[in-house]
Amino acid sequence: MDPGFYLQLLLNGIVIGCIYALIAMGLSLIFGVLEIVNFAHGEFYMLGAMLAYFLTMNLRLGYAATVLVVTVSAVCLGYVLYEALLVSVQGGGFERSILLTLGLSMVLQNGAVFLFTTTPRMIQTQQSYANVAVGDLRVSLMRVLALALAILAFAALYLILYRTRMGKAMRGVAQSREAALMVGIDPRAVSRLAVAIGIGLSGLAGAALAPVYAVHPLMGASFVFKAFAIIILGGLGNIAGAAIAALGLGVLESVMGGFLPVVMVDALVFSSMIAMLLVRPQGLFGRGVRV
Amino acid sequence: MRSGPTRILLVLLALAALFAIPRLTGNEYLLALGVSFAMFSVLAGGLNLVYGYTGLLSFAQVGFFGIGGYTAALLVTEQGWPLWSAAAAGGALAALVGLVIGYSSLRLSRHAFAIVSLSFALLCMIVARDWVSLTRGAMGIPGLPVPTLALFGREWRLSRPADFYYLLLSFATAAHALMYLVVSSRLGRAMRAIRLNEPLAQSQGIDPLRYKLLALALSALLAGMVGGLFVFYLTIVDPSIFDFYYTETMLIMVILGGPGSFWGVLASSAALAALPDLLRFTTDLRMVLYGAILIAAMLLFPGGVAGWVQRRRLQNWRRPRVNAS
Amino acid sequence: MRTMRLITAAAALAALAYAGLAQSQEGPILIGASIPLTGGVSTFGQHSRWGAELAVSEANAKGGVLGRKIEVDFQDNRCNPAEAVKSVTQMLSEKKYVAIFDGLCSSAALAIMPLVERAGVPFVVANASATSIAERSGVGGNKWTFKVNPTDLSMLDALVGWLDKEGKAGNIAFLGEDSDFGRAGSTGLETALKKRNLKLASVDFFQKGNADFTPVFTKIKARKPALFAIYAVDADFQNAMRQWYSVGGGVPLTGRVLVDQVPKEIMDSGFLDGTTSVQPYDPSVDTPGNKAFVEAFRKLHNVPPILVSFESYEAMKVLIDAIRRAGKADPAAIRDALATTKMPSILGTTIEFDDHNLAHNNAIILTIKGGKVMVVGMSKT
């Protein structure tokens with residue numbers, strides 16, 4: 001096989017991996033700060049994508065404007081979500097939070113199917129079919145943009161977590177809630193912000209990927225289980241770990257998919273997650289949270 | 001609390017009524033609902049045992065259900081086994097798998113166990129779809145033959161819906177009797193202790209792992225067996241037996257009835273097995289409603305209906321009574 | 001006084017009797033249908049419903065059949081055999097439906113077959129693709145089940161025959177969805193190729209709902225096949241087409257490519273020129289019957305009919321025709337009438353059932369040239 005083949009696989013893998021990372025990081029942040037596994041995470045991705053579709057096709061907004069509007073809406077939605085639902089189940093045993101978010105996912109997913117039917121919609125703009133080519137390698141323009149957005153998001157998240165006080169507070173709460181309380185950090189404000197950012201990232205992923213994939217109410221479901229696997233592999237609550245695990249998974253999927261039957265790759269993902277949990281429960285990079 | 005004898009009488013009456021239904025009406029639809037109720041009640045009861053009593057959130061029930069179904073179907077069609085043994089083997093295999101999963105992942109945190117159980121169920125579906133040489137893949141195994149049961153020395157062909165109704169209802173009754181025995185015994189008390197406060201239970205000499213495994217294995221055994229029987233009613237087994245929809249419905253039944261309440265979950269499975277069809281909700285709206293119930297339950301009444309009833313009772317009991325003196 | 005009462009009672013009885021008689025004479029003829037109205041394939045359920053409803057309204061506009069209107073009751077089965085069994089059992093227990101229609105998904109249809117046999121009600125399958133349905137029907141099997149749509153096996157045989165004539169059948173790569181539809185595709189192609197001592201160059205499956213095809217496309221392209229057979233529907237197909245475009249294509253497509261669902265930009269750009277596809281139907285088939293059908297459908301629903309709409313439309317027409325020939329709204333008589341069906345299809349052929357209760361309508365071979373879909377051949381299945 002010529003090296004071009006491997007390189008193309010690698011490139012595909014990096015792009016997919018960054019996209020996974022975008023979704024997984026939000027999930028990881030929410031888990032790290034609140035200890036809640038957000039079952040409905042995929043649905044916010046889906047809602048972001050549907051909103052992006054509406055804005056682009058019905059209101060004719062440009063790409064940048066769409067992404068901005070969707071991200072801001074997602075952040076506000078996260079805020080509302082926290083205040084309305086999550087604040088009351090925090091600390092009340094994690095089963096409650098899983099079941100609550102599961103119920104939320106059922107409402108959102110089936111509600112969307114009921115309202116919009118499962119007919120897939122595709123965003124069609126002039127750039128939808130543009131490609132970026134480097135020698136023999138090709139990537140579609142929309143994917144490159146999604147990749148760029150993902151990198152921007154990583155950078156922004158890094159800045160927030162490590163260069164702002166709020167970010168430091170979030171990391172502190174993730175490390176130990178009681179200790180954070182003792183030094184005067186308000187866990188409620190921090191949790192609220194974490195949820196807002198997490199959902200915001202999910203919505204951003206939706207807006208970035210709406211021009212790439214078909215938009216339909218069930219699109220979140222296929223990503224969310226992989227996102228769970230990623231945050232387990234990276235270490236529950238460890239955001240950087242999640243990003244690295246996501247990238248690794250994307251590349252692994254792509255390279256293996258180049259040689260093995262694709263369906264085996266999916267089974268491999270879940271099996272390796274189970275294996276990781278049994279062998280090294282704190283994930284590849286160790287914890288954010290007690291496991 | 002109703003007194004013991006009254007309760008037993010009520011239960012016997014209810015059972016008699018249920019078993020008499022095919023004699024009273026030939027309405028096949030009612031029988032279909034009855035079969036659905038019997039099946040879901042066993043699944044929800046098992047989940048209640050694992051989550052409600054022992055406090056382990058598990059999504060693996062549907063995996064055990066499907067493993068039992070596929071095993072029984074394959075044993076009957078490929079090896080010519082009789083129905084009972086095939087279903088029992090299905091249950092046994094499911095229980096074994098449950099023990100393996102449980103033993104390896106129960107050492108972990110409960111978060112991790114919940115996620116492992118979820119991936120297990122997903123993996124089951126992937127395997128069912130892709131190990132085509134074993135499971136016929138997405139095509140499933142259609143045309144499962146009419147089973148015969150050797151009972152009281154006679155061979156009984158299960159060709160009418162009423163036959164399956166009797167079969168599944170009897171199985172559900174036996175399964176619930178077994179579960180009731182467990183939860184009202186020392187085993188049940190130990191499980192409840194583990195759920196309420198595991199370290200304390202441990203300090204009292206209860207080994208949590210053993211009881212968790214017991215709950216898991218028992219629920220797997222029952223789910224596997226009912227799966228083995230159910231697929232013959234459908235005459236086909238295909239990967240959709242692992243659908244997440246079953247998990248969601250089971251969860252709602254347990255949460256609504258009240259985790260840890262034997263009768264509550266039984267009642268809610270009866271209600272939820274019959275009601276949606278009678279109300280003719282489209283399935284999407286029904287799932288939205290279930291989701292909303294789940295959210296409301298988590299926010300407002302985590303104990304389900306049974307828990308609410310219990311609280312009301314306690315409130316009444318605590319109410320100050322005016323002394324007529 | 002008493003006479004008055006007697007007269008009133010007699011009048012009331014007479015009125016009741018007349019109403020009862022009138023009811024049985026003029027009430028609508030009821031057909032029960034079980035299709036996925038919700039769930040992952042609800043788009044297909046929607047189109048199946050639209051196709052069937054169009055056939056029914058056309059018949060009703062001509063006065064119905066046997067002097068009565070026809071009504072179809074659609075129940076949801078979520079493409080799940082357990083739900084199909086429940087919904088059909090319920091309909092059969094009400095004893096007012098003269099026939100059961102569709103099922104749509106193969107596993108649902110297979111689960112319904114024993115139920116209709118036990119109840120003695122005919123079952124007309126319009127869309128399910130499993131070969132085992134016809135294998136288990138008719139002679140030596142389920143005498144109440146009739147399948148109107150051709151099997152994948154026979155359609156792919158026609159396609160492979162066509163490709164072989166042009167010498168292209170030897171190096172076909174296959175990618176299909178991991179479901180009974182996709183698996184039927186690969187088995188069908190392999191059987192058809194084996195007859196000509198050929199085989200598929202590679203076989204791959206993807207999970208339904210999978211969004212990303214670039215790894216598998218890269219893999220397939222690297223093997224340099226002559227043709228690429230793709231079996232995907234709905235959102236997966238849309239995603240696949242767009243991503244195929246972005247990896248640059250380079251291999252002509254074949255199989256059951258849904259040429260009527262390719263995004264317009266991709267089609268117009270000529271990117272898919274050279275595709276050869278086989279389908280039981282295409283909206284562009286040039287017969288008067290089809291043109292009328294497409295126009296009527298478009299007027300009602302603003303979208304052109306797809307394969308599923310056509311199959312349900314024709315299957316419902318077959319059923320209505322059988323009821324008319326049976327002379328009475330009796331399930332057994334309708335079953336017998338179905339067996340002797342000789343109805344013209346809007347594709348220009350005649351629909352008849354063989355001894356496995358399977359119709360052998362034409363398969364349509366399509367290519368894409370200059371950004372347009374063209375019918376290049378019709379082959380008996």
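Chain C is divided into domain 1 (23–150 + 286–361) and domain 2 (153–279). This is a predicted model. The C-alpha centres of the two domains of chain C lie 29 Å apart. Their contact takes 10 residues from domain 1 of chain C and 9 residues from domain 2 of chain C. On the domain 1 side, 5 of the touching residues are nonpolar and 5 are polar. No charged residues appear on that side.

**Contacts between chains**

Chain A touches chain B and also chain C. With chain B, 34 residues of chain A meet 31 residues of chain B. Four helices of chain B each supply at least two residues to the B side: α4 (83–105), α5 (110–130), α11 (244–257) and α13 (283–299).

With chain C, 33 residues of chain A meet 31 residues of chain C. On the A side, α1, β2, α9 (219–234), α10 (239–257) and α11 (262–279) of chain A give two or more residues each. Helix α1(A) gives the most, with 5 residues.

The table sets out the residue classes on three contacting sides.

| Side | Nonpolar | Polar | Charged |
|---|---|---|---|
| Chain B, touching chain A | 21 residues | 6 residues | 4 residues |
| Chain A, touching chain C | 16 residues | 14 residues | 3 residues |
| Domain 1 of chain C, touching domain 2 of chain C | 5 residues | 5 residues | no residues |

**Helix α5 of chain A**

Helix α5 of chain A covers residues 141–163, which is 23 residues. At 1.5 Å a residue, the helix should span 33 Å. Its end C-alpha atoms are 32 Å apart, so the model agrees with the expected span.

The buried residues of α5(A) are A:Met142, A:Arg143, A:Ala146, A:Leu147, A:Leu149, A:Ala150, A:Ala153 and A:Leu157. They pack against four elements of chain A: α1 (3–34), α3 (63–89), β2 (137–140) and α8 (187–209). Two of these elements, α1 and β2, are also among those that give residues to the side touching chain C.

**A:Val70**

A:Val70 sits in helix α3 of chain A. Is A:Val70 buried or exposed? A:Val70 is buried, because 28 other C-beta atoms lie within 10 Å and the cut-off for buried is 20 or more.

Which residues does A:Val70 touch, leaving out those up to four places away in sequence? They are A:Gly48, A:Leu51, A:Ala52, A:Gly203, A:Leu204, A:Gly206 and A:Ala207. One of them, A:Gly203, is 133 residues from A:Val70 in sequence. In space, A:Val70 and A:Gly203 are 6.3 Å apart, C-alpha to C-alpha.

Note on methods:
Residues are numbered from 1 along each chain as its sequence is written. Chains are lettered from A and ligands numbered from 1 in the order in which they are written. This is a predicted model: local features need pLDDT of at least 70, side-chain atom pairs count only at pLDDT 80 or more; totals for chains, interfaces and linings use all residues. Two residues are in contact if their C-beta atoms, placed from the backbone, lie within 7 Å. Ala, Val, Leu, Ile, Met, Phe, Trp, Tyr, Cys and Pro count as nonpolar, Asp, Glu, Lys and Arg as charged, and the others, Gly among them, as polar. The expected span of a helix is 1.5 Å times one less than its number of residues. A residue is buried if 20 or more other C-beta atoms lie within 10 Å of its own, exposed if 12 or fewer, and partly exposed in between; C-beta atoms are placed from the backbone. Domain bounds come from an automatic or database domain assignment.
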